[in-house]
Amino acid sequence: ETSRAAGPAKPDLDDIINLDDFEKAAEQTLSKKAWAYIHGASNDNITRDANQHMYKRIWLRPAVMRDISVVDTSCELFGCRLSMPVYISPTGAVRMAGPEGEVGQAKAAATAGIIQCMSTPASYPHDEILAATKDQAFFQLYVNKNRAESEKLIRQVTSSGLVKAIFVTVDCPVISKREDDERVKADEKTGTTLTPASRVSAGKKDKKGSGLTRQNSNFIDSTLNWNDIAWLRSITNLPIVVKGIQRWEDAVMAMKWKCDGIVISNHGGRAADTSPPSILVLMEIQKHCPQVFRSMKVLTDGGIRRGSDVVKALCLGASAVGIGRPFMYAVGYGQEGVEHLASILQEEIKVAMQLCGITNLAREASPSYVNTADLD
Ligand code: FNR
């Protein structure tokens, strides 16, 4: 169990009414180490926080007097039908957030009609996660220095037929400086660590999580470059999505290399700190190379915490959005928690659409529903 008997009581799931509540519950109940790993980003965590804050600086432009009694939040993405344009961003070591880990997320995604992007450094074997997945999943790839390993992994996860797209993560060619993690390690050494929540777990080694960053840095191929899209194409016919685009020029590169999609992402602020908030990059692409939206699926993640954030991203051109940390915090409540999160989000998206006069999000979302003047 990741919840601590001696720590503050965990709120009832029924009392969790928005995504931030999941974060607060996690902060109270996770070990310091798990909290630092999940909540932390790189250096000063500036990009992590800006991802979220920037959505608050975009205003909605509600259209009124429309019949919004029936609305459709669903969408299609790489041949998958989704109840809303949301997927679970790939996050490694989900078991650090709760024992059900990726398996709980996979089951909940299937119930909620969304999709989970399974990460390379998952804390459950990939075939176990896929077995819990009803009929659709994405797979996130960190390219291994030993390419044969990556080829094997891709073949292994795609043989199930459940994986509908490969997301290749490109924003962490080296491991960034994770100071929150370092501080916990330093505190552990001196024995000055513990919040009430983590006291009980002191001494218990979280094997799945420890050394994760190191493990990543050891196997990720830092020679990766655009030519490798051709290599990837030679091993799989699935849609290839480049995850970690942070400037419009690279969106154009992905288009030139005939990728099927991009994720505008800064790894939730865990890659280059002070890299721009994702939504600004989305706007930059709108401005400099709108043709990108016609030739590829443009996805984004980072800081999305409200249904209205989802609506804003779609209005600015995204086809769907990924959500990372909240789906980890929700695993603290197991599958049920993840389902609860999805239903909160579904309701928030629906109401945001209704309040804005949008009845079909996939078809009608457009920049006319947002005012970005604060960001110009
Ligand atoms: C991540 N992210 C990530 N990305 C990836 O491509 N492979 C991975 O293994 C991981 N692992 C990971 C672990 C944890 C704990 C976090 C918080 C994030 C990044 C993730 O896919 C996504 O880009 C961000 O989480 C999105 O930002 P938000 O929603 O967390 O603000």
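**View 1. Val263 and Leu299 face each other across two paired strands.** Let's start in the middle of a sheet, where Val263 stands opposite Leu299 in β10. Everything in these views comes from a predicted model. Strand β9 (residues 261–264) and β10 run parallel, and 4 bridges hold the pairing. On to the next strand: Leu299 has Ala320 as its bridge partner in β11. β10 and β11 are also parallel, with 3 bridges between them. To get from β10 to β11 the chain passes through helix α14 (residues 307–315), a β-α-β crossover that is right-handed. As for β10 itself (residues 297–301), 4 of its 5 residues are buried, so the rest of the structure largely encloses this strand.

**View 2. Strand β5 is covered on both faces.** Here we look at β5, which spans residues 115–118. Ile115 and Cys117 sit on one side, Gln116 and Met118 on the other, and all of them are buried. One parallel neighbour is strand β4 (residues 86–88), joined to β5 by 2 bridges. In that pairing, Tyr87 has Ile115 as its bridge partner. Another neighbour is strand β6 (residues 137–141), which pairs with β5 in the parallel sense, again over 2 bridges. There, Cys117 is matched with Phe138 in β6.

**View 3. Two right-handed units meet at β5.** This view follows the chain through the strands of the previous legend. β4, helix α4 (residues 101–112) and β5 form a right-handed β-α-β unit. From β5, helix α5 (residues 126–132) and β6 complete another β-α-β unit, and this one is right-handed too.

**View 4. A nonpolar core of 108 residues.** This is the largest nonpolar core in the model, and Ile114, Phe167, Ile262 and Val311 are the residues that touch the most other members. Helix α16 (residues 334–356) gives the largest share, 9 residues. In soluble globular proteins, nonpolar side chains tend to be buried together. Zoom in on Ile262 and you'll find Val241, Val242, Ile245, Ala251, Ala254, Met296, Val298 and Leu299 touching it, leaving aside residues up to four places away in sequence.

**View 5. Ile344 in helix α16 meets a distant part of the chain.** Ile344 belongs to helix α16. It has 20 C-beta neighbours inside 10 Å, so it counts as buried. Ile344 touches Asn18 and Leu19, residues up to four places away in sequence not being counted. Asn18 is 326 residues away from Ile344 in sequence, yet their C-alpha atoms are 6.6 Å apart.

**View 6. The shell around the ligand has 25 residues.** The closest of these are Ser89, Gly92, Thr169, Gly268 and Gly324. Sorted by class, the shell holds 14 polar, 7 nonpolar and 4 charged residues. Three elements each supply at least two residues: α2 (32–39), β11 (320–323) and α15 (325–330).

**View 7. Asn43 and His267 both have a positive phi.** Most residues other than glycine have a negative phi, and most peptide bonds are trans. Asn43 is not a glycine, but its phi is positive, about 45 degrees. You'll find Asn43 in the loop between α2 and α3 (46–56). This residue is partly exposed, as 16 other C-beta atoms lie within 10 Å. His267 is not a glycine either, and its phi is positive at about 65 degrees. It sits in the loop between β9 and α12 (278–288). With 26 C-beta neighbours inside 10 Å, His267 counts as buried.

**View 8. Met65 is an exposed loop residue.** The loop in question runs between β1 (59–60) and β2 (75–77). Met65 has 6 C-beta neighbours inside 10 Å, so it is classed as exposed. Gly357 is 292 residues apart from Met65 along the chain, but the C-alpha atoms of the two are separated by 7.6 Å.

**View 9. Lys287 is an exposed residue of helix α12.** The position of Lys287 is in helix α12. Its 10 C-beta neighbours inside 10 Å make Lys287 count as exposed. Between Lys287 and Ala318, which are 31 residues apart along the chain, the C-alpha separation is 14 Å.

Notes
Residues are numbered from 1 along each chain as its sequence is written. This is a predicted model: local features need pLDDT of at least 70, side-chain atom pairs count only at pLDDT 80 or more; totals for chains, interfaces and linings use all residues. A residue is near a molecule or strand if its C-beta atom, placed from the backbone, lies within 6 Å of it. Ala, Val, Leu, Ile, Met, Phe, Trp, Tyr, Cys and Pro count as nonpolar, Asp, Glu, Lys and Arg as charged, and the others, Gly among them, as polar. A nonpolar core is a set of buried Ala, Val, Leu, Ile, Met, Phe, Trp, Tyr and Cys residues joined through C-beta atoms within 7 Å. A residue is buried if 20 or more other C-beta atoms lie within 10 Å of its own, exposed if 12 or fewer, and partly exposed in between; C-beta atoms are placed from the backbone. Two residues are in contact if their C-beta atoms, placed from the backbone, lie within 7 Å. Two strands pair if DSSP finds at least two bridges between them. A crossover is right-handed if, with the strands pointing away from the viewer, the path from the first strand over the helix to the second runs clockwise.
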